[in-house]
Amino acid sequence: MKEKIEKYLEEVASFSPANMEEIEQFRIKFLGKKGVINDLFAEFKTIPPEQKRDVGKILNTLKQEVQKKINELKSAFAEAEQKHFDKDLFLPVDTTLGSRHPISLVRNEILDIFKRLGFNVSEGPEVEDDWHVFSALNFPPEHPARDMQDTFFVTDDILLRTHTSSVQVRVMEKEKPPIRTVSPGRVYRNEAISARAHCIFHQVEGLYIDKGVSFADLKQTLLYFAKEMFGEKTDIRLRPSYFPFTEPSAEMDISCKICGGKGCNVCKYTGWLEILGCGMVDPNVLELNGIDSKTYTGFAFGMGVERIAMLKYGIKDLRLFFENNIDFLKQFETEL
Ligand code: DAH
């Protein structure tokens, strides 16, 4: 019996499994109910008493060795598996990284520039009421911007906002001056879709109200914005215009960044590109929103994000922003 046990000891010592499965078979073979160890203990009962000491000793050794071997092998395999797993995490993966949408990139850049000037960011609902989109912004009841042509109405009073100027009203309702805020968001207009117009687009609205805010502050703020956005060499010019909620009102052009102001087909040979509307907040608007127009003045501006993105990246068709063509979007990967 001793020789038999010694043979098993050799087998245990030289056992080298290829996988966990083989370790399990080994365990069953030796430690299972009908396994080698149990058989040997049964046989042990039958041997002459004078052999019992020696055989008992070696039999116990075998049992311990089997257990030790199984434990060692199991932890070695578990460790190897863990290493394999760790390594897998570093294997190149067959997926391409996404990129931010150019509209998000440009919107974030616009917001960052104004944040550096101390503006905070505010947002309002896209489904709005007449008060916030029109009435509180001094639109007279018969103003053509209320026409079905321009506006998607939900009911007589509820509509999809046609501009982010409505967020001005939301902010004035909640906050007392000084107010310095930029409001990004989606706007909706009942327009035929073309290379230059869409029924959905994005705007960023700006509002600054405090004591003693002047047109010079407006101009300097927008000049800073234009230079940060389009480069140090950029010039601006303000042309008189009309908006119900500002007085005086203006439209701002930047010097054409394609031809540097000499004239080309992008700026239609004028050397200038229109990028936003602006003006001094009409005292009526301040009063309609509970701000004393004798104490406070303010300026406001609003710009189209698509328009800025088209100029910045030289994109000629507005529809590209909404089609989610992978080849188009991929071009902005490096801008992350
Ligand atoms: N809301 C105007 C539009 O959608 C843009 C605008 C013009 C906003 C002048 C302003 C502003 O705040 O002062 O066309």
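Which polar backbone atom is 3.3 Å from an oxygen atom of the ligand? In this predicted model, that atom belongs to Phe 301. The protein covers 90% of the 360 Å² of accessible area that the ligand has on its own (Shrake-Rupley method, 1.4 Å probe).

A word on the ground rules: the model is predicted, so local features need pLDDT of at least 70 and side-chain atom pairs pLDDT 80 or more, while totals for chains, interfaces and linings use all residues. Residues are numbered from 1 along each chain as its sequence is written, and side-chain values use heavy atoms, with hydrogens and water left out.

Back at the ligand, 15 residues surround it (a heavy atom within 4 Å), with His 163, Ser 165, Arg 189, Gln 203 and Glu 205 the closest. Two of these reach it through polar side-chain atoms: Ser 165 lies 3.0 Å from a ligand nitrogen, and Gln 203 lies 2.9 Å from a ligand oxygen. The shell splits into five nonpolar, eight polar (Gly counted here) and two charged residues (Asp, Glu, Lys or Arg).

Then there is the second largest pocket, with a volume of about 260 Å³. A pocket here is an open set of points on a 1 Å grid where a 1.4 Å probe fits, with protein on both sides within 12 Å along at least five of seven lines. Its lining (an atom within 4 Å of a point) takes in 17 residues, and Ile 103, Arg 107, Gly 185, Arg 186 and His 202 lie nearest the centre. By class, that lining holds six nonpolar, six polar and five charged residues.

Technical notes
A polar contact is a pair of N or O atoms within 3.5 Å; within protein, one must be able to donate a hydrogen and the other to accept it, and residues adjacent in sequence count only if both atoms are side-chain atoms. Grid points are joined across faces, edges and corners, and a volume is the space filled by probe spheres set on the points.
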